[in-house]
Amino acid sequence: MYLLAIESSCDDTGIAVLHNGNILANMVAGQDVHQAWGGVVPELASRAHEKNIVPTVDAALKQAGITVSQLSAIAFTAGPGLVGSLMVGVGFAKALALSLNIPLIQTDHLVAHVMSSLIGKPDFSFPYLCLLVSGGHTQIIRVDAPLKMEVLGSTNDDAAGEAFDKAAKMLGLPYPGGPLIDKYAKDGDPMRFPFPRPRAEKYDYSFSGLKTAYLHFINKQTPEFLAQNLPDICASIQHSIVDYLFIKLKLAASDTGIKTIAIAGGVSANTGLRNRLTQEAKTNDWQVHIPAFEYCTDNAGMIAITAWYQFLQRDFAGQDAVAYARGG
Ligand code: KG4
Ligand code: ZN
């Protein structure tokens, strides 16, 4: 059974091909057009998806070594995300499924980030806790079975990825700044500049206070000081975000007694976060799942694996499926 999956929730056009639960192709066409604007411009993103989607589908099918007529189902991200971007993927998926007379599968982007832990690991043990950290979301999720999950904690305001990106912007780094903070942090001292750990209920987070702390700190420095101490500043910012993430994750793990931990979402590509998870795994006797880089940031592989489990449950969508901005 071959399945084509489409991810177009933000600024990456992702196309994947799956064969009986295995990913054969996972292609992403990025969009450089946003860099000059310091963030994703929704209208430009939708147009870039329109331009990229057909060539990316062709490339993914070629890599998988199949033709479009061999497909048995088409999956797409319905939301949450930018509605204009999503509509490009939704419309394309509907048209393709209709023309091939095969089922459509509607997938939730956040569920898919969490399900990315199962790529190449069908025997992954349940229950597990997933720390989902992306540009739009920060959540601790309990996963009891494929597609069966419960959110234990969420951010009350900004997401962890936004904290990275906004700190980077304050330092004059281009968008998206998360990977650049990661890069500079590698040569820096994470303990040099202390930042607070904001208060929030139980397993919830609040990143807006941290963002204000970065702003106060950066505003007090001269441009020369910032330039000369960039590695230490980035390492300290990264440490404050990662340490805060782990305070709540460890609390959830000890309260629930769950010792299998996964990370997902764009920020799970962060070196500091990945190293800390490896270290915490040893200290706490955790089994951990650290996804391959290509499955951390937005990708269609995670949509494909989610859709595969939905396919097994015959969870199909109709031609009246609609894109949604929030919730799921
Ligand atoms: O999951 P994702 O690709 O898109 C959303 O659904 O939001 O996550 C994008 C976020 C951005 O904020 C980006 O800066 C962050 O992930 N990110 C990183 C790294 N790679 C991506 N943040 C810190 N370190 C990284 N290496
Ligand atoms: Zn995402």
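## A walk from helix H8 to the zinc ion

Start by selecting helix H8: 19 of its 27 residues are buried, so it is mostly covered. Keep in mind as you go that this is a predicted model.

**Stop 1: along helix H8.** Colour residues 230–256 and put a distance between the two end C-alpha atoms. You should get 39 Å, which agrees with the 39 Å expected for 27 residues at 1.5 Å a residue. Just past the end of H8, click on Gly 257: its phi is positive, near 75 degrees.

Before leaving, pick Ser 254, which lies in H8. Is Ser 254 buried or exposed? Its relative accessible area is 55%, and exposed means over 50%, so Ser 254 counts as exposed. For a sense of scale, add Gly 38: its C-alpha atom is separated from that of Ser 254 by 39 Å, with the two positions 216 residues apart along the chain.

**Stop 2: the sheet.** Now show the strands that H8 lies across: S6, S7, S8 and S9 (260–264). Relative to S6, the helix runs at about 160 degrees. In what order do the strands of this sheet come? Reading across, you pass S8-S7-S6-S9-S10, an open sheet of five strands with mixed pairing. The edges are S8 (148–154) and S10 (287–289), each pairing on one side only. Ignoring direction, neighbouring strands here are turned by 25 degrees against each other on average.

Zoom in on S6 (residues 128–133) and S7 (residues 138–145). They run antiparallel and are joined by six bridges. For one pair to look at, select Tyr 128 and find Val 143 of S7 opposite.

Next, bring up helix H9 (residues 271–284). H9 lies across S6, S9 and S10, and runs at about 180 degrees to S9.

**Stop 3: the zinc ion.** Select ligand 2. Which residues coordinate this zinc ion? They are His 109 and His 113, each through NE2, and Asp 298 through OD, at 2.0 to 2.2 Å. Along the sequence, the donor residues follow the spacing H-x3-H-x184-D.

Show helix H3 (residues 109–115) and you'll find both histidines in it, four residues apart, about one turn of the helix. An α-helix has 3.6 residues a turn, so residues three or four places apart point the same way. Both His 109 and His 113 are buried.

Finally, check the angles at the metal. The four donor atoms around the zinc ion subtend 95 to 146 degrees. A tetrahedral call needs all angles between 85 and 135 degrees, and the arrangement here is irregular.

Technical notes. Residues are numbered from 1 along each chain as its sequence is written. Chains are lettered from A and ligands numbered from 1 in the order in which they are written. This is a predicted model: local features need pLDDT of at least 70, side-chain atom pairs count only at pLDDT 80 or more; totals for chains, interfaces and linings use all residues. Side-chain values use heavy atoms; hydrogens and water are left out. The expected span of a helix is 1.5 Å times one less than its number of residues. Buried means under 20% relative accessible area, exposed over 50%, partly exposed in between (1.4 Å probe, protein chains only). Two strands pair if DSSP finds at least two bridges between them. Axes are lines fitted to C-alpha atoms, for helices over the stretch in contact, and angles run from 0 to 180 degrees between N-to-C directions. Contact means heavy atoms within 4.5 Å. Donors are N, O and S atoms within 2.8 Å of the metal (3.2 Å for Na, K and Ca); water is not among the atoms, so sites may look incomplete. Four donors count as tetrahedral if all angles lie between 85 and 135 degrees; four count as square planar and six as octahedral if opposite donors are over 155 degrees apart and all others between 65 and 115; anything else is irregular.
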